[in-house]
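Biologist: Hey, got a minute to go through this model with me? I'd like to start with the overall fold and then get into the charged pairs.

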Amino acid sequence: MVKQSDSWGSRTGLILAMAGNAVGLGNFLRFPVQAIQNGGGTFIIPYLVCFVVMGLPLLFTEWSIGRFGGKKGNHSTPYILDSMSKSVWWKYIGVFGIFTNIAVVAYYTYIESWIFLYVIHTVIGTFTQMSQAEVSSFFVQYVNLNGSDFGIPYLPVLVYILVLGINIYILSTGLGGIEKVAKIGMPLLILFGAVLAYKGWTMGAENASAAFPNANAWDGINFLWTPQFNSLLDPKVWLAAAGQIFFTLSVGMGSIQCYASYLKENDDIALNSLTSGFTNEFVEIVLGSAIVIPIAAGFLGLDWVIENAGFGMAFQTMPYLFMQWGEVFGAIAGICWFGLLFFAGITSSLAMGTPWMGFMQDEFGWGKVKGAVSFGFLAFIMGLPTILFYQYGYFDEYDYWAGTVSLVIFALLEMILFTWVFGMDKGWLELNRGADIRIPEVFKWIMKYITPLLLMLVLTSALITPQDNNWMAAVSGVFDGTGWKLDSGSLISKLTHDDLKMLQLNDPQNGEIYEKKIFFSTLARVQLLALFLFIVSLVWYSGIKRKSISYE
């Protein structure tokens with residue numbers, strides 16, 4: 001990747017790159033959906049609490065771990081973690097920090113390719129005369145490989161390769177290229193977001209129609225920003241809030257540690273981590289909350305938004321809504337929206353390439369071009385099935401196991417390493433070395449006790465989520481002999497395909513489709529496991545190489 005002498009050109013470039021790593025599709029796509037599905041204002045209080053007691057401590061930890069490992073010449077999580085303990089096993093825990101990035105970028109780049117193509121379709125006016133149903137069908141046909149492709153066979157694969165190629169090219173230029181993209185992409189992202197957010201905040205009820213007479217953008221804003229304190233007792237909302245923090249800050253992945261490993265020994269990581277974290281929160285809360293929910297509510301009404309909230313709204317609904325503003329401004333809004341998403345996506349996917357490239361440079365002497373191309377090759381091998389078998393759940397399996405479960409496991413283990421194995425006293429000194437500000441002492445206690453405990457609760461709760469998230473009923477079932485009934489969304493149920501088997505039982509007419517989904521989801525897991533073991537083998541071999549060099 002980058003030579004070990006490489007470093008960030010400026011603090012501004014570093015912070016923008018770090019913010020670009022965190023600011024991604026989750027800010028504009030996942031956050032609004034999570035907020036809607038968890039009661040709007042009901043979601044905000046747990047979300048902000050999780051940011052303070054989980055998000056910030058994880059940022060502090062990952063920046064500290066990265067800079068510490070970088071001082072010892074390590075630029076990827078296996079040996080960054082290995083440098084903090086005498087146990088040989090920590091470098092294998094660090095495999096998560098490479099595995100997760102490759103597995104996530106495989107399908108994340110596919111989403112970027114959707115966005116890239118939607119920018120083109122917006123420019124040429126494809127959506128201008130389409131109905132809402134036609135816009136929705138356009139997306140479904142595209143991902144199912146049976147339409148919306150300019151008549152070019154397997155266009156989604158070709159566009160995916162093109163967008164992956166853009167990522168590879170930028171990565172091949174090293175930190176300097178990433179920094180340049182961040183300096184251009186982040187300001188444009190905020191500019192596009194500000195244009196759309198202003199429109200969302202000023203719409204009111206002017207776009208109400210006979211079909212949706214109660215449509216009002218302010219209903220969406222009020223829904224999100226009216227706190228509901230009873231949510232503090234709802235485990236489901238807390239789990240959703242904690243999950244969003246992982247997505248939005250890109251913690252538990254390994255990319256932050258890699259970026260931080262190129263810092264100098266006394267560079268300020270306390271202020272840098274706070275700045276990148278709060279920049280992300282500004283984008284998510286101020287901009288992310290002011291686009292999808294208000295605009296959709298302004299045209300379709302809050303009830304419709306609550307009923308139809310989902311990831312696909314960005315592609316199946318928003319293009320149609322933009323066209324209701326007229327052909328010219330609708331096109332401008334569409335370009336802003338998809339341009340915003342593309343810059344948010346690519347600044348994040350670039351960060352995902354650096355742990356692999358840092359590892360291959362440190363352990364095998366690979367240069368930037370070779371590292372970038374090999375990363376792209378692995379991403380393509382992993383990502384191609386998510387395109388070909390999207391309708392059978394391949395994409396969803398990657399997102400669940402690599403983009404969700406893996407993050408929590410790795411975050412929990414690195415917190416334990418930093419606060420209990422490396423030691424909180426040493427960790428606190430590392431965090432504050434060279435800092436222009438002092439982190440409040442209370443975070444020392446939060447990082448050592450509260451954050452690991454919350455991570456354990458999140459992981460345990462996901463593992464044994466009770467039916468309908470009714471924890472009281474599940475506990476009662478243990479005592480009255482009926483047992484602990486698992487929800488179909490629990491990790492154990494996912495692992496045994498109980499969620500798909502239940503759907504198959506309730507929908508026997510489509511039994512063959514569910515059989516295929518079970519087959520392909522199993523295949524996806526095998527592929528993920530093979531990737532993980534491949535990286536483990538590289539780490540094992542690199543350890544042998546290190547030993548042989550030390551004996552010479």
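Modeller: Sure. This is a predicted model, and the secondary structure of the protein chain comes to 26 helices and zero strands. The radius of gyration is 23 Å, close to the 24 Å that the globule rule gives for 552 residues, so the chain is as compact as a globular protein of that length.

Biologist: What box do the C-alpha atoms fill?

Modeller: Roughly 80 × 60 × 50 Å, taken along the principal axes.

Biologist: And how many of the 552 residues count as buried?

Modeller: 58% of them. On the outside, the protein chain exposes about 21,700 Å², and carbon and sulfur atoms supply 65% of that area.

Biologist: What about contacts with a separation of 6 or more, what share comes from residues 24 or more positions apart?

Modeller: Those account for 80% of such contacts in the protein chain.

Biologist: OK, charges now. How many salt bridges does the count come to?

Modeller: Eight salt bridges. One of them joins Arg 67 and Glu 430, with the closest N and O atoms 3.3 Å apart. Arg 67 lies in helix α3 (residues 41-71) and Glu 430 in helix α21 (residues 424-432), so the pair ties together parts that are 363 residues apart in sequence.

Biologist: Are Arg 67 and Glu 430 buried or exposed?

Modeller: Both are buried.

Biologist: Which residues are linked with them in a network of salt bridges?

Modeller: Lys 71 and Arg 433. Together with Arg 67 and Glu 430, they make up the linked set.

Biologist: Got a pair inside one helix? Where do Lys 183 and Glu 179 lie?

Modeller: Both are in helix α9 (residues 175-202), four residues apart, about one turn of the helix. Lys 183 forms a salt bridge with Glu 179, and the closest N and O atoms are 3.8 Å apart.

Biologist: Why does Glu 179 count as buried?

Modeller: Because its relative accessibility is 7%, and buried means under 20%. Lys 183 is partly exposed, with a relative accessible area of 40%.

Biologist: And Lys 444, which residue does it form a salt bridge with?

Modeller: Asp 425, with the closest N and O atoms 3.0 Å apart. Lys 444 lies in helix α22 (residues 442-463) and Asp 425 in helix α21, so this pair ties together parts that are 19 residues apart in sequence.

Biologist: How about accessibility there, is Asp 425 buried or exposed?

Modeller: Asp 425 is exposed, with a relative accessible area of 53%. Lys 444 is partly exposed, at 25%.

Biologist: Switching topic: which residues make the nonpolar surface patch?

Modeller: Ile 120, Val 123, Ile 124, Phe 150, Ile 152, Leu 158, Ile 161 and Ile 335 make it, and the patch is about 690 Å².

Biologist: Which helix gives the most to the nonpolar patch?

Modeller: That's α6, with three residues. Both α6 (96-124) and α8 (155-172) supply at least two residues each.

Biologist: Where is Leu 158 found?

Modeller: In helix α8. Leu 158 counts as partly exposed, at 47% relative accessibility.

Biologist: Great, that's what I was after. Thanks!

Terms used: Residues are numbered from 1 along each chain as its sequence is written. This is a predicted model: local features need pLDDT of at least 70, side-chain atom pairs count only at pLDDT 80 or more; totals for chains, interfaces and linings use all residues. Side-chain values use heavy atoms; hydrogens and water are left out. A salt bridge is a side-chain nitrogen of Lys or Arg within 4 Å of a carboxyl oxygen of Asp or Glu. Buried means under 20% relative accessible area, exposed over 50%, partly exposed in between (1.4 Å probe, protein chains only). Patches are made of residues with over 30% relative accessible area and no salt bridge: like charges are joined within 9 Å, nonpolar side chains (Val, Leu, Ile, Met, Phe, Trp, Tyr) within 5 Å. Accessible areas come from the Shrake-Rupley method with a 1.4 Å probe; for residues, only the protein chains shown count as cover. The radius of gyration is taken over C-alpha atoms; the globule rule is 2.2 Å times the number of residues to the power 0.38. Contact means heavy atoms within 4.5 Å.
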